[in-house]
Amino acid sequence: MRALLVLASAVLLTPCALAASPAQIKAGEAVYARCLACHSLQHDRTGPRHCGLFGRRAGSVPGFDYSDAMKHSKIVWDEKSLDRFLTAPMKVVPGTSMGYAGIEDRQERADLIAYLRDAGTKQPCAK
Amino acid sequence: MSFLILANEQPAPAARRAFLGKSGLLLSGAAVALLAGNEALAAKKGGESTEADVRILNTALGAELEAVAAYQVGAESGLLQKPVLDLAVTFQGHHKEHADVLAKTIMKLGGKPVSAKEKYSFPVETLKNQADVLRFAAMLEKGAVSAYLGAVPLFGNRDLSKAAASILGDEAMHWAVLRNALGEAPVPSAFVS
């Protein structure tokens with residue numbers, strides 16, 4: 001019984017590990033529209049591409065001209081680091097070129113991250 | 001498409017100037033134009049706050065230069081017919097003006113403005129007709145509205161916030177006109193995010 005409770009607690013404490021619902025992914029895609037002046041999934045633009053984001057070390061897309069701050073941030077992108085960065089990019093990585101105040105709403109950040117996670121597994125990201 | 005009718009029925013120049021004057025748009029434009037020559041800005045050169053402001057301005061400049069390139073792709077695609085083509089060229093001209101004032105302001109603050117890239121990657125393979133081009137442009141303009149909205153509160157210098165807000169308004173108008181051209185509600189909500 002105790003083992004079951006521990007397992008249930010672990011699942012509840014790691015919501016990001018659960019598959020996102022189609023509704024959440026759709027909501028995240030709507031949030032992603034805010035990023036599209038500078039980013040795209042497939043191509044480097046003013047900001048770097050987002051395909052291959054999860055598990056990637058920050059500042060490591062070959063050929064992209066990152067700020068020194070991002071190159072030296074030692075961040076590896078996952079749900080947790082993205083959530084922190086997207087809350088206030090310039091505070092989390094002072095000196096980043098991403099001059100954006102951030103996304104205050106926790107649910108919007110979660111939706112966006114769920115979308116990015118999902119998009120990374122599909123075309124045009126999937127090989 | 002109702003916007004086409006509007007595009008062909010421009011008010012006479014004098015009447016338009018009067019309208020713009022009354023609406024305060026001329027004042028806003030002048031505020032931005034003055035920014036690049038604002039001596040007070042030059043006096044504020046240096047310091048961490050100014051460095052951060054220059055970084056934000058340079059990111060905005062990079063995006064504006066990319067928008068200029070994107071409209072060039074649209075204009076040269078052969079997919080846009082008049083008067084939509086004229087509209088795209090007009091909007092491209094606005095982005096060139098934004099880029100110009102941003103570059104001058106960056107230099108005024110002691111920074112080095114980024115240059116246009118030699119090559120940009122756009123999803124040209126997905127642009128098959130005029131609506132595709134309009135949709136792509138609308139997507140970029142909406143993104144620009146959000147980007148400026150995210151930049152406005154960050155500037156240490158409030159004059160720069162004012163200038164960024166002025167550009168934001170222009171991008172929002174582009175977005176609305178492009179949506180209207182696509183037959184979508186030009187202003188889908190009371191707020192932008």
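Start with the contacts inside chain A: of those with a separation of 6 or more, 49% are between residues 24 or more positions apart. Two residues are in contact here if their C-beta atoms, placed from the backbone, lie within 7 Å. You are looking at a predicted model, where local features need pLDDT of at least 70, side-chain atom pairs count only at pLDDT 80 or more, and totals for chains, interfaces and linings use all residues. To find your way, residues are numbered from 1 along each chain as its sequence is written, while chains are lettered from A and ligands numbered from 1 in the order in which they are written.

**Stop 1: chain A**

Switch to a cartoon view of chain A: you should find six helices and zero strands. Helices (H or I, at least four residues) and strands (E, at least two) are DSSP runs, numbered from the N terminus. Of the 127 residues in chain A, 31% are buried. A buried residue has 20 or more other C-beta atoms within 10 Å of its own, an exposed one has 12 or fewer, and a partly exposed one falls in between, with C-beta atoms placed from the backbone.

Now colour by pLDDT, the predictor's confidence in each residue, from 0 to 100. Chain A averages 90, and 85% of its residues score at least 70. Select residues 6-16 of chain A: pLDDT stays under 50 there, and the model has one contact for them beyond four places in sequence.

**Stop 2: two backbone oddities in chain A**

Most residues other than glycine have a negative phi, and most peptide bonds are trans. Select Lys74(A), in the loop between α3 (68-71) and α4 (79-87) of chain A. Its phi is near 60°, a positive value in a residue other than glycine. Is Lys74(A) buried or exposed? Lys74(A) counts as exposed because it has 8 C-beta neighbours inside 10 Å.

Next, go to Pro124(A), in the segment after α6 (106-119) of chain A. A cis peptide bond joins Gln123(A) to Pro124(A), with omega about 5°.

**Stop 3: over to chain B**

Chain B has its own cis peptide bond, between Lys82(B) and Pro83(B), with omega about 5°. Look for Pro83(B) in the loop between α5 and α6 (84-108) of chain B.

Keep the pLDDT colours on. Chain B averages 84, with 76% of its residues at 70 or above. Among its elements, helix α1 (residues 2-8) has the lowest mean pLDDT, 35, and helix α7 (residues 130-151) the highest, 98. Over residues 1-31 of chain B the pLDDT is below 50.

**Stop 4: a helix pair**

Show α7(B) together with helix α8 (residues 158-181) of chain B: their axes come within 8 Å and cross at roughly 155°. Angles run from 0 to 180 degrees between N-to-C directions, and axes are lines fitted to C-alpha atoms, for helices over the stretch in contact. The two helices are therefore roughly antiparallel to each other, a label for angles over 145 degrees. Residues making this contact include Leu134(B) and Tyr148(B) of α7(B), and Ile167(B) and Trp175(B) of α8(B).

**Stop 5: where the chains meet**

Finally, show both chains. 19 residues of chain B are in contact with 16 residues of chain A. Which element gives the largest share of the side of chain B that touches chain A? That is α7(B), with nine residues.

Key. Angles under 35 degrees count as roughly parallel, over 145 as roughly antiparallel, 65 to 115 as roughly perpendicular and the rest as oblique.
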